[in-house]
Amino acid sequence: MQTRLADFIRDTPEGREAESILRKCVHCGFCTATCPSYQVLGDDLDSPRGRIYLVKRALEGAAVTEKTRLHLDRCLTCRACETTCPSGVRYGRLVDIGRAYVEKHTRRPLWDRLQRAALSFALPRRALFTPALRLGQLLGLAPKTRRAAPWPAARHPRKMLVLGGCVQRALAPSINAAAARVLDRIGISLLEVPGAGCCGALRFHLNYQEAGRKDMRALIDAWWPFVAGRDTEAIVASASGCGVTLKEYAHLLAPERDYHGKAERISQMTRDLCEVIRPEDLPQGERRGRVAFQSPCSLQHGQQIRGKVEAILTRLGYELAPVRDAHLCCGSAGTYSLLQPQIARELRGRKLAALQEAGPQEIVTANIGCLAHLQAASATPVRHWIELVDEALA
Ligand code: SF4
Ligand code: SF4
């Protein structure tokens with residue numbers, strides 16, 4: 001695609017990156033077929049091709065309006081379009097650059113600003129989010145916390161760090177505890193670093209990009225004493241939405257002289273939980289029941305990981321139910337389900353119908369956001385896949 005970026009951005013790192021991405025797009029429209037927002041809304045400006053055009057026009061200096069922002073807001077950043085695109089267009093990076101620009105040059109209505117500011121302030125802070133969650137639970141508005149079974153003592157020479165995270169730590173501490181028990185059985189001690197907080201994804205994707213980077217730097221600082229040496233083999237993410245962000249630290253903090261090298265190391269060391277457990281490390285099991293796996297977008301599109309969770313569950317004897325349109329987003333997408341509730345509910349309805357079609361006893365996923373979003377409307381229990389592994393090995 002021919003582009004002529006405006007002077008204000010052409011010679012900046014973002015401008016150069018945006019230009020190289022835009023030049024790859026041949027406007028073929030293949031990506032529209034797998035775009036969930038386009039499937040629900042049917043407007044070309046709610047498709048990847050339409051949004052690429054909007055960002056191109058904005059960076060070329062055309063006026064940006066509330067309508068431009070609305071179409072960018074309705075994007076789930078699921079990156080299904082990246083998986084589909086035959087030209088290798090890195091849509092996710094382009095939309096981040098476009099959103100930062102559009103945010104600066106438009107003004108949101110007061111309610112929208114308040115809602116985003118409140119989410120950005122409260123969600124990454126455990127001291128605020130946990131009491132708010134407990135109040136929601138008392139009023140029956142929030143799901144119950146999944147209590148954690150004991151965490152094994154560190155006893156193996158092989159050590160890995162695990163991201164405690166923000167929302168997951170309050171909603172489902174059972175997930176990392178299950179991961180620690182499973183890894184302990186295969187000879188790896190999993191450690192959570194006290195004081196290590198949010199990975200930055202929440203605020204970054206709420207378009208508080210600088211606040212998101214601040215969270216990233218704080219997490220690097222908390223982890224650095226543990227990863228600077230050779231004792232820690234890897235950093236494990238049990239929430240794929242956080243994992244994809246950690247793997248992108250190197251890129252997101254590239255311009256920062258003091259953090260670039262450290263960010264690169266964090267990204268190199270990061271593994272999704274399903275990347276550190278090999279099926280052959282687990283005993284062969286038989287007839288454990290039928291489960292449907294919802295592969296989060298951050299796992300299958302963001303990290304391009306497919307088939308690993310399925311192989312682990314199959315090894316243990318679970319039968320994997322076929323899932324139609326498995327490439328489509330469930331509508332959770334970080335804070336999207338709170339900010340775009342109608343589209344999110346429609347996508348969740350479609351996803352649950354597809355997941356339940358083959359009559360699974362349970363639905364399993366790999367990301368706390370998808371888990372909470374799906375469970376809120378599902379009669380079938382929804383769990384993290386590692387909880388099934390832990391149960392099978394117990
Ligand atoms: S992003 Fe890729 S698939 Fe979509 S219009 Fe551009 S080249 Fe085609
Ligand atoms: S990231 Fe997802 S919602 Fe956004 S344009 Fe791409 S496919 Fe559509």
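Leaving aside neighbours within four places in sequence, which residues is Thr145 in contact with? They are Leu133, Arg134, Gln137, Ala170, Leu171 and Pro173, where contact means heavy atoms within 4.5 Å.

A word on the basics: this is a predicted model, in which local features need pLDDT of at least 70 and side-chain atom pairs count only at pLDDT 80 or more, while totals for chains, interfaces and linings use all residues. Residues are numbered from 1 along each chain as its sequence is written, and side-chain values use heavy atoms, with hydrogens and water left out.

**Around Thr145**

You will find Thr145 in the loop between helix H9 (126–138) and strand S1 (159–162); helices (H or I, at least four residues) and strands (E, at least two) are DSSP runs, numbered from the N terminus. Thr145 is buried, with a relative accessible area of 14%; buried means under 20% relative accessible area (1.4 Å probe, protein chains only). The table lists two distances from its side chain.

| Partner of the Thr145 side chain | Distance |
|---|---|
| Arg134, side chain (polar contact) | 2.9 Å |
| Ala170, backbone oxygen | 3.4 Å |

A polar contact is a pair of N or O atoms within 3.5 Å; within protein, one must be able to donate a hydrogen and the other to accept it, and residues adjacent in sequence count only if both atoms are side-chain atoms.

**The cores**

The largest nonpolar core has 84 residues, and Trp223, Leu246, Ile277, Trp385, Ile386 and Val389 touch the most other members. A second, separate core of 23 residues includes Ile21 and Cys85. Such a core is a set of buried Ala, Val, Leu, Ile, Met, Phe, Trp, Tyr and Cys residues joined through side-chain atoms within 4.5 Å.

Note on methods:
Chains are lettered from A and ligands numbered from 1 in the order in which they are written. Buried means under 20% relative accessible area, exposed over 50%, partly exposed in between (1.4 Å probe, protein chains only).
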